[in-house]
Amino acid sequence: MIEFSDVSYVYGKHTPFERVAVNNISFKIEDGLVTGIIGHTGSGKSTVAQMMNALIAPTSGKVLLNGADINSSRTESYKTRFKVGLVFQYPEYQLFEETVEKDIAYGPSNMGLDDNGIKERVEMAAEFVGLSKQVLKSSPFELSGGQKRRVAIAGVIAMQPEVLVLDEPAAGLDPRGRSEILGRLTKYRKTSGTSLVLISHSMEDVAEYSDRIIAMNDGRILCSGTPAQVFSHHEELKNSGLALPQITNIMLKVKEKCEKQGINTDFLDSSVFTVEDAYNALLPILRTSDGKGDSYVK
Amino acid sequence: MDYIIKAQGLTFSYDDDGNGSKTVENLDFTIERGSFTAIIGHNGSGKSTIAKLMCGVLEPTSGEIFINSKGAGRTLRVSDDNDIFDVRKTVGMVFQNPDNQLVATVVEEDVAFAPENMGVPSNEIRQKVDDALRAVGLYEYRLHDTHKLSGGQKQRVAIAGILAMSPECVIFDESTAMLDPRGRDDVMRIICEMRNKYGITVILITHYMNEAALADRVMVAEAGKIILDGTPKDVFLQKELLKSCGLEVPQATELASRLHAAGISDIPQNVLDTEEAAQIIAALIAKNTK
């Protein structure tokens, strides 16, 4: 479990460009869950991600992994980088090896595993992200953008981290590519027990795939909790430059329009955020409206 | 129809000998002047290649693209070296990554880059730059450092840089993909304004179906061909076909079409946006309560 305890981070401290990126925040990333982090550009979410695996150390406060301060010594920080895997935005720009296989093997070989161990890790990681054995022998630079992205993610999965932190893993992919990569990651979470931290601008993706959401604004936590709890803070989210999932927007507008006509809408659950939930919430209500209500069996 | 872009037998292959697989294959289409067209398609469907062919960043393997330029007062051929400068004055392009297209360190200098290169007199440049920055809402930022802006602001500077050239058509190649929701909204609002206020033809390449829903016309690219072409309402009716191409429909459309399929026939299948969906659903609930 990762725990942030009164963590702040200041860029350019003691210079004219001093800027507080993270302002005294505390939260926990629970084991085995998908935690989504949302926030507009400059809200501090990427700084938080970099502190999760000791890439940068907080200016004040502590980051704990399973109770131990990850910045207490250089050895501790080094160990943390294998336990907390960090996948940056557009990770495909970081591929550098001659073959896909070698690129994925880079992390595990730095962990001091033997050749067989490395091979096993590479095959396991490639399978999780859906890369065929044939692709392993080719150059990463011959692949399509979506495939490159998967190679980069496999390189981090191959280290078998306890926590996998991904910054915008689906950015720039088409709808099928998005749902495939996010689907594979959640499946990986289920089979391996790895916790996932998903940083994204897409409210729809975060709403669909997260168990917990942390919304950030101006270096602080605006609200956190289950997707339903977080997306019920409509006004705060909008005011801090975040959107609501499209479906939540529809439900809110329906409520507003009904209330304008004096219709009580307590029966309508506006905290839904997926098409499936909205469909299930609306269908019985709309069925009764064309006289078929009695025949509707839940 | 007053067209601005016309493609005839447009074919492009990334292999030099032209015998390899075709990224774009034998396309014929025209883009109407002053229209807003969205091109959607999965990664590798050829949509970005089509965009790059339209403004002369790439040259077709065979076939032609004609630009009906008012500024040049004649029809230009994109593959003609004598026409290419006029083509680039007529058709501008905004790319995906905001960090890849700013050339100067100060906002107003970046916006002035193109008109300076075009030899516009300096007093006119001042006017053009100020107008362009006002159009994208960044006039107050004219003296700021470009590299300290947010992604959305950088894209708006890039758009201002193109507006300062007074283009007749602007192509956006996934220009909102790297932005946060606020940045995306800002850029989409400016795109709509460019068309509505200034009559600039807009072509938007996007992975976001709700952005495509704002266009007058949606073209769906698949394996180098255009497989669907029509109004958003017509195109998003073809839910299954779109899914088979790795695409989807906007969530509002998905919800409406599922409710329609479940027997709520008062809800049309091709609702496009959240406002429309909410209106129809609310009206139906109101009807029921009376």
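Student: Is Y279(A) buried or exposed?
Tutor: This is a predicted model. Y279(A) sits in helix 12 of chain A. Its relative accessible area is 15%. The cut-off for buried is under 20%, so Y279(A) counts as buried.

Student: Which residues of chain B does Y279(A) touch?
Tutor: Residues up to four places away in sequence are left out of the list. A contact needs heavy atoms within 4.5 Å. The residues touched are L255(B), R258(B), L259(B) and A262(B).

Student: How far apart in space are Y279(A) and I247(A)?
Tutor: In sequence, 32 residues separate Y279(A) and I247(A). In space, take the distance from C-alpha to C-alpha. That distance is 9.8 Å.

Student: How many residues of chain B are in contact with chain A?
Tutor: Take each side in turn. Chain A brings 41 residues to the contact. On the side of chain B, the number is 47.

Student: What area do chain A and chain B bury between them?
Tutor: The size of an interface is often given as the accessible area lost when the parts come together. Here 61% of the buried area lies on carbon and sulfur atoms. The area that chain A and chain B bury is about 3,900 Å².

Student: Which residue of chain A forms a salt bridge with E275(B)?
Tutor: The rule finds three salt bridges across the interface of chain A and chain B. In the one with E275(B), the closest N and O atoms are 2.6 Å apart. The cut-off is 4 Å, so the pair qualifies. The partner of E275(B) is K257(A).

Student: Which helix of chain A gives the most to the side that touches chain B?
Tutor: Helix 7 (175-192), helix 8 (203-209), helix 11 (246-260) and helix 12 (275-289) of chain A each supply at least two residues. One of them gives eleven residues, the most. That is helix 12.

Student: How many residues on the side of chain A that touches chain B are nonpolar?
Tutor: Split that side by residue class. Ten residues are charged and twelve are polar. The nonpolar residues number 19.

Student: How many residues of helix 5 of chain B are buried?
Tutor: Helix 5 of chain B covers residues 151-163, 13 in number. Its cover includes strand 6 (91-94), helix 3 (107-117) and helix 4 (122-135) of chain B. The helix is largely enclosed by the rest of the structure, because its buried residues number twelve.

Conventions:
Residues numbered from 1 in each chain as written. Chains lettered and ligands numbered in written order. Predicted model: local features only at pLDDT ≥ 70, side-chain atom pairs only at ≥ 80, totals over all residues. Heavy atoms only, no water. Buried area = accessible area lost by both parts, 1.4 Å probe. Salt bridge = Lys/Arg side-chain N within 4 Å of Asp/Glu carboxyl O. Helix = DSSP H or I, 4+ residues; strand = E, 2+ residues; numbered from the N terminus. Nonpolar A, V, L, I, M, F, W, Y, C, P; charged D, E, K, R; others polar. Expected span 1.5 Å × (residues − 1). Buried < 20%, exposed > 50% of the residue type's maximum accessible area, 1.4 Å probe, protein only.
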